[in-house]
Amino acid sequence: MKVFDVIQEIRKHKLIAVIRADSKKEGFLFSEAAIKGGLKIIEITFTTPKAVEIIQDLKQAYPEATIGAGTILDETTAKIALDAGADFIVTPHFDPDVIKMCHLYQVPIIPGAADLNGIVKCLKSGCSIIKLFPANLLSSSVVKTFKGPLPQANFIPTGGINAENVQEWLETGVVAVGIGSDLINEAKLTGDVSHVTKYASRLVSSLKEKVKI
């Protein structure tokens, strides 16, 4: 997918399933369940075993979905993710080498930042969308605060986003939100991946019914 197309998909669907699993099987099943629940954007974190293989399998099984790689910490791992076919790259921090790598291969890069200094660094490096992380240590009002001096910044808050507060965050005008733990926790506890599908469906329904986009 081209950079513009990937960003448009993220802007359109607004919900990113952040999958952090304990095994390849679990990672694939959680992702599959999220897709079946209506989530179109999946981020496979590279703390998940065999994340590369999960990305490859998902892209083959669900070509209509947008599959990205998250928790990318260095340039080498970024290249591995790109070679696996990742549609976008997410880092929890600012790393100029990863950003340059993604720009070179024309793949969207979403670096993480939690303060003005980090946000400015990302903007100077040509990143149009910034991961606001960890969002659970902030509040939705911080978006307006950051956009005061930096109205050109676009954000994807991640961390602590759930079905109860997703509307609050989206109504601040963020590009999208990343939803991880709350999406998969029940499935992890019970071993029943249908909980992921149900939670995903709940998120999608909430988006359609309540959020004015």
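T66, G68 and G70 point one way from strand 3, while I67 and A69 point the other way. All of these residues are buried. In a regular strand, side chains alternate between the two faces of the sheet. The structure described here is a predicted model.

Strand 3 spans residues 66-70. The strand is mostly covered, with five of its five residues buried. Its partner is strand 2, residues 41-45. The two strands pair in the parallel sense, over five bridges. Within this pairing, I41 stands opposite T66 of strand 3. Helix 3, residues 51-61, joins the two strands in a larger motif. Strand 2, helix 3 and strand 3 together make a β-α-β unit, and the unit is right-handed.

Enclosed space was examined next. The count comes to one cavity of 30 Å³ or more. The largest cavity has a volume of about 50 Å³. Its lining consists of I16, V18, E43, V90, I110, K131, I156, T158 and G178. By class, five of the lining residues are nonpolar, two are polar and two are charged.

Open space was treated separately. The largest pocket holds about 250 Å³ of space. The lining of this pocket is made up of 17 residues. Nearest the pocket centre lie V18, R20, G159, G180 and S181. V18 also appears in the lining of the largest cavity. In the lining of the largest pocket, five residues are nonpolar, eight are polar and four are charged.

Two elements each supply at least two residues of the pocket lining: strand 9 (177-179) and helix 9 (181-190). Helix 9 gives the most, with five residues. S181, one of the residues nearest the pocket centre, falls within the range of helix 9. G178, from the lining of the largest cavity, falls within the range of strand 9.

Helix 9 also has a buried side. Its buried residues are L183, I184 and A187. These three lie on the same side of helix 9 because they cover an arc of only 55° around the axis. After helix 9 comes G191. The phi of G191 is positive, near 80°.

Key. Residues numbered from 1 in each chain as written. Predicted model: local features only at pLDDT ≥ 70, side-chain atom pairs only at ≥ 80, totals over all residues. Heavy atoms only, no water. Buried < 20%, exposed > 50% of the residue type's maximum accessible area, 1.4 Å probe, protein only. Helix = DSSP H or I, 4+ residues; strand = E, 2+ residues; numbered from the N terminus. Pairing = 2+ DSSP bridges. Right-handed = clockwise from strand over helix to strand, strands pointing away. 1 Å grid on protein atoms, 1.4 Å probe; cavity = no way out; pocket = protein on both sides within 12 Å on 5 of 7 lines; lining within 4 Å. Points joined across faces, edges and corners; volume = space filled by probe spheres on them. Nonpolar A, V, L, I, M, F, W, Y, C, P; charged D, E, K, R; others polar. Arc of directions from axis to C-beta.
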